[in-house]
Amino acid sequence: MNEDRKNYYMNRNIKLFPFYLAFTWDVIFVWTIIILFYTNVKGLSYSQAILLDSLLYIWAFILSIPVSKLIQKMKPLLASQIANLFVIIFLLLVMFGTEFYVFVIAEACFSIFMIISNVKTSILLSDTLRMVKRDKEYNRIYGSGLGIYYFIDAICSIFATYIYQYNPYICFIAAIAVLVLVELLSLLLKEPNKFQTSNIEIKQNKVETSTKKSKSRKSSTKKAFLSGFMIAMLAYCIIFRGTVSIDSSVLKVYLQELTNNAVIPLWSFGILFAGYRLSNSLASKFQFKYELKFGVRSLIIFCSVVLIAIIGTGLIYLYAPVNAISIIIMLILFYVFSSIRPANHIFIMNYLQVCLPAKDLDKGYVYKNMAEYFGYGVCSSLYSLLLSVFNDNFAYSNLLFAAIMAVPLIISLIFFIRALVKKYASKYTVIKKEYVENDL
């Protein structure tokens, strides 16, 4: 009877998880108009608005260890529910703040949400799948959740600009309302550890003393996190996430320049930004099939596309006349560029599932996230500085940024691929055909 209850609730978790992830991955309605809001409503410059974005990740890097220790023993669903409250605080501070330091505090609150949610939401899914022996479906279900989020956000992006024209504060109120509904949705989920049978594990370990178990645990954890694979992965995460940190910011600056110069109407801002979110949605949903075909070679494609897109948008903006053709080419490059980030994220998360024991997954997520926060914070701050130097001209900023990032990105890519192929990637992939039989 208990087995039946476990299967029922865990399978229900799996069905609901993509929707829960979709509404807790990020804030809908707000991110589309956030730079418009900061610059037009709060009176900040482009460089200040992008600096706030980089401060978010610097906060996340600084707070990752203390926050992770505080929530280490907290149940994943409860931790995720608490994290959502920090988003509401963030929204309220941005709505009512008038000074730059208030927005900095708001970013710190949002960083706490990111730290908790990025670890505990993933643990919630992996624990749930393990309970019903469906852990091989992680990347498909996780990718499905991200796909739903980006699709919903694309639709909300269209409405957001219409709402913004009427009253920009309504976007924030709508985001808060969504978060309240998400907290209600979370009541339908169950903590996986309620159904965990730990008796077998306890019996098997009765022979060992608590001291031996502690030493063994520390030794295996140290070995896992000092391996060549983990070091190469973390280095790659820092450089790659830093390089793609500018994807949405530059698109927003480009679209805002078009609207400010009356090239396109303001209402089209949301529609064009929705294309960015739809490209994210498709990349997230079908990432596992892409990885099945290309394996670790996907990383080469990711990095190549990123560099081509950054350089291409800079050159076109500098030398091509502003007309329908150049705008379409720019948007295509932005959309393809943006689709790489979620695909790479799911790729890394999937390999962590394969390469780390279950007991070390939470630490693996924390270190991976810290690496990305650090890369994002540093590189986004660098890009903000470049924008300031070039008087908000993102074309010159893009070209110099690409020149700075290209060599470290290629070097980190080479070492990471070598580590994957050498130790973990049988025939260039860890996704086996039988894992996705129903989807092929």
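Let me start with Lys368 and Glu372, which are both buried in this predicted model. Their side chains meet in a salt bridge, with 3.2 Å from N to O, and because the two residues are 4 apart in helix H16, which covers residues 361-389, they are separated by about one helical turn.

How many salt bridges are there by this rule? The count comes to 2, and the other pair to look at is Asp247 with Arg341, where the closest N and O atoms are 3.0 Å apart. This pair links distant parts of the chain, since Asp247 sits in helix H11, residues 247-260, while Arg341 sits in helix H15, residues 324-355, with their positions 94 residues apart in the numbering. Asp247 and Arg341 are, once again, both buried.

Let me step back to the chain as a whole. The secondary structure comes to 17 helices and 0 strands, and of the 440 residues, 56% count as buried. If we take the contacts between residues at least 6 apart in sequence, 85% of them join residues at least 24 apart. As for the surface, the chain exposes about 19600 Å², and carbon and sulfur atoms supply 65% of that area.

Now to the interior. The largest nonpolar core has 146 residues, and the ones with the most contacts inside it are Leu91 and Tyr142. What does Leu91 contact, leaving aside its neighbours within four places in sequence? The partners are Val27 and Val30 on the one hand, and Phe172, Ala175, Ile176 and Leu179 on the other.

Phe172 comes up again when we turn to Ile33, a residue of helix H2, which runs over residues 30-41. Ile33 has a relative accessibility of 0%, and therefore counts as buried, the cut-off being under 20%. Not counting residues up to four places away in sequence, Ile33 touches Phe172 together with Ala160, Thr161, Tyr164 and Cys171. I would also point out Lys252, because on screen you may want to follow the pair: the C-alpha atoms of Ile33 and Lys252 are separated by 8.5 Å, although the two residues are 219 apart along the chain.A polar residue of the interior is Ser117, which lies in helix H5, residues 100-131. Is Ser117 buried or exposed? Its relative accessible area is 6%, so Ser117 is buried, and with neighbours within four places in sequence left aside, Ser117 is in contact with Thr24, Ala83 and Ser122.

Helix H14, residues 298-319, allows a check on geometry. At 1.5 Å a residue, its 22 residues should span 32 Å, and the C-alpha atoms at its ends are 31 Å apart, which agrees. Several residues of H14 are buried, among them Ser298, Leu299, Phe302, Cys303, Val306 and Leu307, and, further along the helix, Ala309, Ile310, Gly312, Thr313, Gly314 and Ile316.

Finally, the surface. Which residues form a nonpolar patch there? They are Val407, Ile410, Ile411, Ile414 and Phe415, and together they have about 470 Å² of accessible area. Within this group, Ile410 belongs to helix H17, residues 394-424, and with a relative accessible area of 43%, Ile410 is partly exposed.

Conventions
Residues numbered from 1 in each chain as written. Predicted model: local features only at pLDDT ≥ 70, side-chain atom pairs only at ≥ 80, totals over all residues. Heavy atoms only, no water. Buried < 20%, exposed > 50% of the residue type's maximum accessible area, 1.4 Å probe, protein only. Contact = heavy atoms within 4.5 Å. Areas by Shrake-Rupley, 256 points an atom, 1.4 Å probe, with all protein chains shown as cover. Expected span 1.5 Å × (residues − 1). Core = buried A, V, L, I, M, F, W, Y, C linked by side-chain atoms within 4.5 Å. Patch = residues over 30% accessible without salt bridge, like charges linked within 9 Å, V, L, I, M, F, W, Y side chains within 5 Å. Salt bridge = Lys/Arg side-chain N within 4 Å of Asp/Glu carboxyl O.
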